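Please read the sequence alongside the three-dimensional view, and keep both in sight while working through the report that follows.

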Amino acid sequence: MSVSLLPADNYLVVNKSIITDQDKLILSMLYLPITGSLPIMLYNTLVNDLDKEEIISDGLEHAHLLSNLKVSCQELESARNILEGIGLLKTYLKKDTVNKYIYELYSPVSAHEFFSHPIFNIVLYNNVGKKEYERLLNCFKVPKINKDDYEEVTHSFKDVFESVPYTSFDMYRDNIRKYNKLKLNIDSSFDMNFLIETMPKNIDKKIFTKDLQELIIYLAYLYDIDAPKMQNIVKSCINEKGIVSRDELRKICRNHYQFDHSGILPTIVDRTQPEYLRKPIGDNSNMAKMIYTFETVSPYDFLKSKHNGNEPTKRDMQLLEDLLIDYGLKPGVINVLIDYALKTNDNKLNRNFIETIAGQWTRKKIETVEEAMDYARKIYKNNLKTKQPSKIGQNVNKTPVWLNKNIDIDEASDEERLAMEEFLKEFK
């Protein structure tokens, strides 16, 4: 039974984590577009209520919060509920003549965890749109520095410190402050016990680890899947080792949602290459123009242009989704891969061929268009070694014109220059 909040009710704030300035930045930039401003204001007010050591507050009345935030009791409760639901606050109640509350504060997830989260990431994108999402993402990106010509000279612990005789002592670690974050409490109505207990007897229930259960709940919430249907999906994802393939679980859940919603998904294939991974503007060479095209056209529009303006098929759209989500490739890199695959496979998208290269590029951490083009050249050269000499170079249009690094100088043939002009013309 719910208890209505009154201005005279007491509360105590307890900091269960270490809340940094970076956390406050994440709250205002990433959480606020999801929660709205009042819950974040309440969180910050509770932080300000803590003592100088930011550990615990004095006993306060809720009238203090109502006055500072200029809200009603109902609005305050609603904001508090949002903080609880999103994993920033735990609330405890002791009923008395004057009710007493304890508010435990927890840190937000890191930026990396936020953008990797199966729910936070998608909800943020849907709430702010592509342009603002990309801007927020760029704010938390770490610049990529080329260290190929450097040698690591970091000293190890034993290089700096000498060993000392061991002295026995009792380690006191109880109640020491640490960085603490709550798991997102998604949907308690999902019947995880039903899913596990009704599994066939030949399936070891131990495979349902805490992390796997958390992923299942996230996916069930995101794609609106009930326990019976999820059970069938999970069974289909158990591999020969008796373990649930998490990548396969994500894929099948997404496919079920797409089937039930006439192919509609919260799509991300209309994104373009992030600004921080683009080539600096200023180079007017033909190669730079081609790179710029790969960077500023979304995979969806790029593939559509390759089909003479016709909508890509559902199968091709699914392939683009997989490259973005499951392989984590950047939009501009996907464009390079698609162009290479079409030109070298008779204008067909061979999934096995594309996924093989995508896996290599993911392991190599290819993020920029130029890196993708360089690796595509290496793949092409390796393939040339296995072909008959008479078949090599018969038709330059069967390979991407950008495979030739000399496209901007006299070594480029007339056919190559014409192919380059045709490529750029598609996107004008």
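Y133 is buried, for its relative accessible area is 3%, and this value belongs to a predicted model, as do the others in this report. The ring of Y133 is paired with the ring of Y125, which is likewise buried, with a relative accessible area of 8%. A pair of aromatic rings is described by the distance of the centres and the angle of the planes. For Y125 and Y133 the centres are 5.2 Å apart and the planes make an angle of 80°, and the pair is therefore classed as edge-to-face, a term used for angles over 60 degrees. These two residues also belong to a cluster in which ring pairs link Y31, F114, F115, F120, Y125, Y133 and F140. In total, the count of aromatic pairs comes to 11.

**The chain as a whole**

The protein chain is built with 18 helices and four strands. Of its 428 residues, 40% are buried. If one takes the contacts in the chain with a separation of 6 or more, 70% of them are made by residues 24 or more positions apart.

**The nonpolar cores**

In soluble globular proteins, nonpolar side chains tend to be buried together. The largest nonpolar core here has 40 residues, and those that touch the most other members are L30, Y31, L42, Y43, L46, L76 and L105. The elements that give two or more residues to this core are the strands β1 (10-15) and β4 (100-105), together with the helices α1 (21-35), α2, α3, α4, α5 (111-116) and α6 (120-139). Helix α6 supplies the largest share of this core, with six residues. Apart from this core lies another, of 35 residues, which includes L303, Y340, I366 and I379.

Within helix α1 one finds L27, a buried residue whose relative accessible area is 0%. When residues up to four places away in sequence are not counted, L27 touches L32, I40, Y43, N44, L88 and P108. One of these partners, I40, is 13 residues from L27 in sequence, while the two C-alpha atoms are 6.9 Å apart in space.

**A cavity and its lining**

Rolling a probe the size of a water molecule over the atoms shows where empty space is left. How many cavities of 30 Å³ or more does a search of the whole structure find? The search finds one, and the space in this largest cavity is about 40 Å³. Its lining consists of L5, L42, L46, H62, L65, L76, R80 and Y103, and the elements that give two or more residues to that lining are α2 (37-48), α3 (62-69) and α4 (73-85). By type, the lining residues divide into six nonpolar, one polar and one charged.

L76 appears in this lining and is also among the core residues that touch the most other members. Leaving aside neighbours within four places in sequence, L76 is in contact with L5, L42, H62, L65, L66, L69 and V71.

**A covered helix and a buried glycine**

Elsewhere in the chain, helix α12 (residues 286-296) is mostly covered, since eight of its 11 residues are buried. The buried residues of α12 are N286, M287, A288, M290, I291, T293, F294 and E295.

Helix α16 holds G359, which is buried at a relative accessible area of 11%. The C-alpha atoms of G359 and Y327 are separated by 6.8 Å, although the two residues are 32 residues apart along the chain.

**Positive phi angles in loops**

Which residues other than glycine have a positive phi of about 55°? K70 is one of them, and D346 is another, with phi near 55°. The table sets out where each is placed and how accessible each is.

| Residue | Loop | Relative accessible area |
|---|---|---|
| K70 | between α3 and α4 | 69% |
| D346 | between α15 (331-344) and α16 (351-363) | 64% |

K70 therefore counts as exposed at 69% relative accessibility, as the term is used for values over 50%. D346, at 64%, is exposed as well.

Definitions and conventions:
Residues are numbered from 1 along each chain as its sequence is written. Side-chain values use heavy atoms; hydrogens and water are left out. On a 1 Å grid over the protein atoms alone, a cavity is a set of points where a 1.4 Å probe fits but cannot get out, and a pocket is an open set with protein on both sides within 12 Å along at least five of seven lines; lining residues have an atom within 4 Å of a point. Grid points are joined across faces, edges and corners, and a volume is the space filled by probe spheres set on the points. Ala, Val, Leu, Ile, Met, Phe, Trp, Tyr, Cys and Pro count as nonpolar, Asp, Glu, Lys and Arg as charged, and the others, Gly among them, as polar. A nonpolar core is a set of buried Ala, Val, Leu, Ile, Met, Phe, Trp, Tyr and Cys residues joined through side-chain atoms within 4.5 Å. Buried means under 20% relative accessible area, exposed over 50%, partly exposed in between (1.4 Å probe, protein chains only). Contact means heavy atoms within 4.5 Å. Rings of Phe, Tyr and Trp (its six-membered ring) pair if their centres lie within 6.5 Å; planes under 30 degrees apart count as stacked, over 60 as edge-to-face and the rest as tilted.
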